[in-house]
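I am keeping a notebook while I look around a protein, one entry at a time. Come and look over my shoulder.

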Amino acid sequence: TAFADPQSTPNGPYIENEQNISLASYLSNEDMYKKLEKLASSSKGKMKLEIAGYSNLSSDGYQTEVDKGEPLYVVKFGDADPAKKKVLITTQIHGNEQIGTEAAIDIIQKLSSGGKEVDDILDKVSIWIMPRINPEGSDNVYEGKWYPTRYTHQTWLPENLGLPADTKAPWYYNSDGSERAQNNNGRIVYGIPGYDQNRDYNPNLDFKITDENADTVTAFLNDKTKNNSNFGGFSVTAESRVVTDVFQSMQPDLFVDIHHRGFNTVSDEDNRSVPIQVAAVVADPYVDPFTGQTYEVDADVLKLGKQVNALSSESLQRGFSHFGATQKYPDVNLPGTALGAFALNDAAIMLMELKGQSQTLGQKQAGMLKETIKVPLYEVFSALADGSIHEVDTAIYDAIPESTNRIEDPSTRETEKDF
């Protein structure tokens with residue numbers, strides 16, 4: 001991957017020491033809950049609003065320091081009808097990636113309002129949306145101020161899982177509760193441990209750490225050659241288990257997960273800022289280390305994923321504008337991500353990676369970036385409804401420019417992954 005020079009000029013992309021970041025336009029958890037309830041009540045039955053579970057819920061034998069946290073909502077337009085195409089969308093798996101949730105609320109509002117275009121879509125396509133699946137990271141506080149973080153709030157307590165007290169935590173555990181600092185000053189410590197939820201998923205959708213042999217699990221976690229990103233997660237977060245339950249309930253044809261990332265320009269010759277990167281593949285064939293079962297992405301599933309990503313990229317081509325400066329996300333093999341685990345269970349996927357995060361962009365360009373999510377998704381909904389998605393040439397996806405010209409972060413955060 002090529003890297004552009006570190007950017008440290010005023011107006012970005014990275015925030016300077018003398019600049020302030022505003023998050024005032026974004027919805028808090030309470031604001032979002034009220035908004036969803038209002039939309040449900042005015043939708044005349046088009047929209048069902050359900051609580052799928054709670055963060056830190058311990059109903060299946062897991063125990064945490066908090067028995068019940070924030071609700072995880074699922075907004076349903078249609079049921080899990082096998083005669084329909086089914087789409088599941090999640091946002092804000094990382095609490096400091098907010099614009100996807102704001103875009104999802106706009107989409108929910110449009111779908112709940114009805115009209116011929118919407119009715120034609122929902123007659124053929126069921127759409128379930130889980131906005132903000134990391135509510136605790138989203139509403140994280142540091143020194144009395146709203147400071148969203150990538151991580152969940154949860155402490156590793158191996159004894160509660162029947163494991164020895166000195167068992168190593170999953171590799172994606174954030175033991176000190178730290179996050180990228182604002183204004184490029186390294187890291188801050190807010191002091192609440194937690195997990196990167198997007199490494200906690202498992203291709204074995206029924207995996208429970210407490211069902212496995214304790215000695216085998218302990219040996220695995222204490223072995224650095226195994227306790228890493230090449231393997232599925234351990235489903236220790238309530239949030240990942242709730243989302244997995246919803247996935248199993250719906251069995252979607254398409255799963256969309258909306259993220260944020262760093263900053264890129266198109267090329268050395270084209271300095272347009274890349275607003276979004278997409279991907280239809282994030283996991284290689286996988287052998288479960290506990291059961292020996294092999295998981296692979298089905299060829300037809302992969303084809304649909306490429307068609308969805310291709311159409312999404314094409315929908316943003318508006319002449320020589322920033323909207324059209326799309327790239328393909330770098331090749332990764334991450335079976336412990338929601339996208340990876342679900343792709344290995346027969347769902348076509350689309351990763352949508354917007355530029356910037358809470359600590360690097362704040363609410364700057366939020367309007368444009370919301371459109372960068374909404375425009376492709378509306379096109380995908382329509383194409384699934386009328387069947388034209390199957391006419392999209394997968395070569396369009398293959399031709400999307402690869403990720404390059406990443407603008408280096410002047411802070412100490414470069415070792416972290418976006419997705």
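How many of the eight residues of strand S12 (residues 254-261) are buried? I looked this up before anything else, and eight of the eight are buried, so S12 is largely enclosed by the rest of the structure. Buried means under 20% relative accessible area, exposed over 50%, and partly exposed in between (1.4 Å probe, protein chains only).

**Ground rules**

I noted that this is a predicted model, in which local features need pLDDT of at least 70 and side-chain atom pairs count only at pLDDT 80 or more, while totals for chains, interfaces and linings use all residues. Residues are numbered from 1 along each chain as its sequence is written, and side-chain values use heavy atoms, with hydrogens and water left out.

**Entry: the overall count**

I found 10 helices and 18 strands in the protein. Helices (H or I, at least four residues) and strands (E, at least two) are DSSP runs, numbered from the N terminus. Of the 419 residues, 59% count as buried. I also checked contacts, meaning heavy atoms within 4.5 Å. Among those between residues at least 6 apart in sequence, 81% join residues at least 24 apart.

**Entry: strand S12 and its partners**

I went back to S12 to see which way its residues point. Leu254, Val256, Ile258 and His260 point one way, Phe255, Asp257, His259 and Arg261 point the other way, and all are buried. My textbook reminder: in a regular strand the side chains alternate between the two faces of the sheet.

Next I looked for partners; two strands pair if DSSP finds at least two bridges between them. Strand S4 (residues 85-91) pairs with S12 in the parallel sense over five bridges, and Thr90 stands opposite Asp257 there. Strand S17 (residues 348-355) also runs parallel to S12, joined to it by eight bridges. Across that pairing, Val256 stands opposite Met350 and His259 has Glu353 as its bridge partner.

**Entry: the whole sheet**

In what order do the eight strands of the open sheet come? I read it as S2-S3-S5-S4-S12-S17-S13-S16, with mixed pairing. The edge strands are S2 (48-54) and S16 (327-328), each pairing on one side only. Helix H1 (residues 29-42) packs on the sheet, where it touches S2 and strand S3 (71-77). The direction of H1 makes about 25° with that of S3; axes are lines fitted to C-alpha atoms, for helices over the stretch in contact, and angles run from 0 to 180 degrees between N-to-C directions.

**Entry: strand S13**

I then tried strand S13 (residues 276-279), which has both faces covered. Ile276 and Val278 on one side and Gln277 and Ala279 on the other are all buried. S13 pairs with S17 in the antiparallel sense over four bridges, with Val278 opposite Met352. With S16, S13 pairs in the parallel sense over two bridges, and Gln277 stands opposite Gln327.

**Entry: the cores**

A nonpolar core is a set of buried Ala, Val, Leu, Ile, Met, Phe, Trp, Tyr and Cys residues joined through side-chain atoms within 4.5 Å. The largest has 84 residues, of which Ile89, Ile108, Ile127, Phe342, Leu377 and Phe381 touch the most other members. Helix H9 gives the most to this core, with 10 residues. I picked Leu377 for a closer look: leaving aside neighbours within four places in sequence, Leu377 is in contact with Ile89, Ile107, Val256, Ile258, Met350 and Met352. There is also a second, separate core of 14 residues, which includes Leu163, Phe207, Ile209 and Val236.

**Entry: helix H5**

Which residues of helix H5 (residues 214-221) are buried? I listed Val217, Thr218, Phe220 and Leu221. They cover an arc of only 160° around the axis, which puts them on the same side of H5; the arc is that of the directions from the helix axis to the C-beta atoms.

**Entry: two single residues**

Is Ser313 buried or exposed? Ser313 is buried, with a relative accessible area of 5%, and is found in helix H7 (residues 299-315). Not counting residues up to four places away in sequence, Ser313 touches Thr326 and Ile400.

My last stop was Asp393, in the loop between helix H9 (366-386) and helix H10 (394-398). Asp393 is partly exposed, with a relative accessible area of 46%. The C-alpha atoms of Asp393 and Ala310, 83 residues apart along the chain, are separated by 7.8 Å.
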